[in-house]
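Trainee: Could you take me through one part of this model closely, step by step? I would like to see how a single residue is placed and what surrounds it.

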Amino acid sequence: LHMGKTMKEDLTVVAKYIKQLYPPEFNVFSTYAELYHNYFASQAKKNAESHLEDKDIYLLLSWVHKIYPKDMRKDHVLAKELEKVKLGSLLPSSLSKDLEKKYLDSEEATIKKSLTKCLDKEIQRWKEDQEPEKLNGHFQSELLAIFVIQSIYSGQTRAKEISASVGEELSHRLWKELPAFLKSYKDAFEDFKEKSKKHRYYKPTLIANINNCWNFRDYAEKNMSEKDNNKATILSTLGDIENSVFDVLLQQLFVQLKPMYKKFTENKWDSSNEVMNEIIKTTSKHISDLQTLKDPFYHAIIEKIHARLVKEYIVRLLKRKVSLKTPAQQQTLAQHISKNAADLEAFCISNGSQATWLNAALPKLAEIIRLQDLGAIKIEVATLATIYPDIRKRHLEAFLHIKANLSRSELKSILGYLADSTASTLPEAPLFSNIHMS
């Protein structure tokens, strides 16, 4: 700093006052600039070749890449004069590269160590079984995400201040470090999830950690390139954590609902309204606990519930437990299904489900039961297959068992129509492909 200040001040005096006292051919400014530069460069080289602490390496690299070429030599008094003098860099390229490697290795190791330490503290917090804090009504365990993201960001920022290329290289290394860290986080969290089920604040801790994933997800989405394989790995790991927590949070609900769904076929759908009300009431109790999830996760888990409620209803329709011979009986069942579908849709939407793609399934099936004209049934089947291209012959055949007044040839004709109009590729949001026929 002293040498830099001296060089800058002295060269300013030369440029302003001394240069004009000599004939131009003397190149007085150039002579001074070269002598100062050579001395400065020799001292920088001497320092670079000695044993340096990490902070000294950073400072020396800052001088080589930023302070000397950009702050000193671009000074408004000196810039014009220095452009005429070819001074070069403070350090030879090879020595500068060695220092950069030392700096990058050290910074990467330091950040990696601090991330591991932070994760250890987080694991300790889980073991203490304390209720997580709430922010805007959502459980949070954000210290981990905040610390990790800030550590990476501040490391990248420091490196960029040396030079764009050093910043880019450290960013590249840290992008590789983040997936490795999240893998360790996932493994530790899975271990906690399996071993701590009796903890008082088990579910709030799960919810806090799933909310934690949002910060990492948001950071990766905003800061990483789509072409970066690390981004895909990060999002995949976060998705695994999120889905495994969803499974735990919904497990008890789905166990409770299973015997309720059986009641539909046990009573041949005669008391379907009461059964659906029971299902909605039970689900509603569970949903109230889920509102401590951040909005994107709340909507995702409500969509999972919505899909499960519709799927389980369809499963009961495919069980071949009901076979109706008269159009009047079929009309009555269609009305029951339509009413249940409307109640289910209203309940899910009022609780924030955005899975509108599910809403057509039950009304379409009700319509197929209601219709008696073969041509009209085929049109409805074709429409159903367009909306849900994962429906297969085995599903439709089981469902049409309800319509006992169809002849064998009529049944074959309808099933053949489905085969012609079913797409070979599965949709992004499958419904029927999740229904396995026994």
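**A close look at Arg-217**

Mentor: In this predicted model, Arg-217 has a relative accessible area of 17%, and because buried means under 20%, this residue counts as buried. Arg-217 belongs to helix α8, which covers residues 202-223, and its side chain makes a polar contact of 2.9 Å with the side chain of Glu-242. If we set aside residues up to four places away in sequence, Arg-217 touches Leu-235, Leu-238, Gly-239 and Glu-242.

Helix α8 also holds Phe-216, which forms an aromatic pair with Tyr-185 of helix α7 (residues 164-195), so the pair ties together parts that are 31 residues apart in sequence. The two rings are tilted, with 6.3 Å from centre to centre and 50 degrees between their planes, and both Tyr-185 and Phe-216 are buried. These two residues belong to a cluster linked by ring pairs, whose other members are Trp-126, Phe-181, Phe-189, Phe-192 and Tyr-202.

Phe-216 is also among the residues with the most contacts inside the largest nonpolar core, which has 136 residues, and the others named there are Tyr-103, Ile-314, Leu-362 and Phe-399. Helix α9 (residues 229-266) gives this core its largest share, 15 residues. As a general point, nonpolar side chains in soluble globular proteins tend to be buried together.

Methods
Residues are numbered from 1 along each chain as its sequence is written. This is a predicted model: local features need pLDDT of at least 70, side-chain atom pairs count only at pLDDT 80 or more; totals for chains, interfaces and linings use all residues. Side-chain values use heavy atoms; hydrogens and water are left out. Helices (H or I, at least four residues) and strands (E, at least two) are DSSP runs, numbered from the N terminus. Buried means under 20% relative accessible area, exposed over 50%, partly exposed in between (1.4 Å probe, protein chains only). A polar contact is a pair of N or O atoms within 3.5 Å; within protein, one must be able to donate a hydrogen and the other to accept it, and residues adjacent in sequence count only if both atoms are side-chain atoms. Contact means heavy atoms within 4.5 Å. A nonpolar core is a set of buried Ala, Val, Leu, Ile, Met, Phe, Trp, Tyr and Cys residues joined through side-chain atoms within 4.5 Å. Rings of Phe, Tyr and Trp (its six-membered ring) pair if their centres lie within 6.5 Å; planes under 30 degrees apart count as stacked, over 60 as edge-to-face and the rest as tilted.
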